[in-house]
Amino acid sequence: MTHTNQAISSKPYLAVFDLDETLIAADSACLWSEYITEKGLASDTHLAEEHELMSAYANGTMDMDRYMQATLKPIIGMDSKTLTQLVAEFIERKIKPAFYADAISRIQWHKQRGDIVLVISATGEHLVKPIAKLLGADDAIAINLEQINGIITGRTTGTLSYQQGKVTRMKAWIDDHDIQFKGSYGYSDSINDLPMLEAVDRPFAVNPDPALALHAQMQDWTIMDWRHENNILR
């Protein structure tokens with residue numbers, strides 16, 4: 001990360017972005033499940049189970065532990081090098097065409113101001129970290145995957161970066177990096193990220209789901225919609 005462990009003469013702002021449906025016109029975990037099914041690494045049954053579990057996400061009732069256990073099954077026993085190569089191919093084929101142009105512009109706007117850009121997602125770190133790096137973020141927080149001797153176990157570690165867990169992880173990240181911020185911005189599409197948006201100084205509802213849109217209107221938050229067709233980098 002660019003600013004880690006170095007003295008900063010003037011306090012920067014922190015800009016926190018959700019990933020799925022906020023910076024990209026898709027859910028990266030869903031695309032990943034589809035991709036590894038296409039590659040023959042998972043069955044159609046796995047894909048159906050992922051879609052069923054994901055259906056609870058919109059109303060905030062997803063069991064994230066169960067979801068991660070189910071979706072990590074196809075890569076249990078895979079070595080980290082193989083996984084990294086697979087993810088790189090996945091990003092090139094499935095993720096790059098889903099970037100919102102306005103999202104990239106907003107990240108660049110923050111970077112030009114000297115702000116620190118942090119992506120926080122309730123998706124596995126194997127997907128989030130390389131995508132965030134490609135988008136130009138300084139760092140990323142995601143669900144941590146357990147590895148033993150470089151082999152994926154299918155288990156997660158630490159606090160899951162989901163709902164209130166995002167706030168917990170964000171505060172820990174700030175403490176670890178020992179940076180004094182002048183203020184903070186937050187961007188998300190989902191009512192699941194209400195705790196995160198309420199934890200920042202300047203919340204933005206980006207491509208909001210109906211529940212978040214209503215809350216944003218009631219709180220007089222700025223609403224941004226990047227979902228127009230010509231805004232996706234296909």
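**Aromatic pairs, cores and parallel strands in a predicted model**

At 18% relative accessibility, tyrosine 57 counts as buried, because the cut-off for burial is under 20%. The model is a predicted one. Tyrosine 162 is buried too, with a relative accessible area of 10%. The ring centres of tyrosine 57 and tyrosine 162 lie 6.2 Å apart, and their planes meet at 35 degrees, so this pair is tilted. Tyrosine 57 belongs to the loop between H2 and H3, while tyrosine 162 belongs to the loop between strand E4 (151–157) and helix H7 (164–177). The pair therefore ties together parts that are 105 residues apart in sequence.

The structure holds 10 aromatic pairs. One of them joins tryptophan 32 and phenylalanine 90. This pair is edge-to-face, with 5.2 Å from centre to centre and 80 degrees between the planes. Tryptophan 32 sits in helix H1 and phenylalanine 90 in helix H4, 58 residues apart, and the pair links these distant parts of the chain. Both rings belong to buried residues: the relative accessible area is 4% for tryptophan 32 and 0% for phenylalanine 90.

Some rings gather in a group. Tyr13, Phe17, Trp109, Tyr185, Tyr187 and Phe204 form one aromatic cluster. Arginine 106 meets two rings of this cluster. Its charged end sits over the ring of tryptophan 109, 4.3 Å from the centre. The charged end of arginine 106 also sits over the ring of phenylalanine 204, at 5.1 Å from the centre.

In soluble globular proteins, nonpolar side chains tend to be buried together. The largest nonpolar core here has 60 residues. Trp32, Met64 and Val119 have the most contacts inside this core. A second, separate core has 18 residues, among them Leu14, Leu118, Met170 and Trp173. Beyond its neighbours within four places in sequence, methionine 64 is in contact with Ala122, Ile143, Leu160 and Tyr162.

Two histidines are also enclosed. Histidine 126 is found in helix H6 (residues 125–135). Its relative accessibility is 13%, so histidine 126 counts as buried. Residues up to four places away in sequence set aside, histidine 126 touches Trp32, Leu72, Ile75, Leu83, Val87 and Leu145. Histidine 46 lies in helix H2 (residues 44–54). At 9% relative accessibility, histidine 46 counts as buried. With neighbours within four places in sequence left aside, histidine 46 is in contact with Ser33, Ile36, Thr37, Ala70, Thr71 and Pro74.

Helix H6 has further buried residues. Glu125, His126, Leu127, Val128, Ile131, Ala132 and Leu135 are buried in H6. An α-helix has 3.6 residues a turn, so residues three or four places apart point the same way. The buried residues of H6 pack against four helices and two strands: H1 (28–38), H3 (64–72), H4 (80–95), H5 (101–113), E2 (116–124) and E3 (139–148). After H6 comes glycine 136, whose phi is positive, near 95 degrees.

Strand E2 was examined next. Nine of the nine residues of E2 are buried, so this strand is largely enclosed by the rest of the structure. Strand E1 (residues 13–17) pairs with E2 in the parallel sense over four bridges. The bridge partner of alanine 15 is valine 117 in E2. E2 also runs parallel to E3, and four bridges join the two. Here leucine 118 has aspartate 139 in E3 as its bridge partner. E2, H6 and E3 make a right-handed β-α-β unit.

Strand E6 (residues 202–206) shows a related arrangement. Four of its five residues are buried, so E6 is largely enclosed by the rest of the structure. Strand E5 (residues 183–188) runs parallel to E6, and four bridges join them. Tyrosine 187 stands opposite phenylalanine 204 in E6. Both of these residues belong to the aromatic cluster. E6 also pairs in the parallel sense with strand E7 (residues 222–224), over three bridges. Valine 206 stands opposite methionine 224 in E7. Two right-handed β-α-β units include E6. E5, helix H8 (residues 194–199) and E6 make one. E6, helix H9 (residues 210–219) and E7 make the other.

Definitions and conventions: Residues numbered from 1 in each chain as written. Predicted model: local features only at pLDDT ≥ 70, side-chain atom pairs only at ≥ 80, totals over all residues. Heavy atoms only, no water. Buried < 20%, exposed > 50% of the residue type's maximum accessible area, 1.4 Å probe, protein only. Pairing = 2+ DSSP bridges. Right-handed = clockwise from strand over helix to strand, strands pointing away. Contact = heavy atoms within 4.5 Å. Core = buried A, V, L, I, M, F, W, Y, C linked by side-chain atoms within 4.5 Å. Phe/Tyr/Trp six-rings, centres within 6.5 Å; stacked < 30°, edge-to-face > 60°. Lys NZ or Arg CZ within 6 Å of the ring centre and 35° of its normal.
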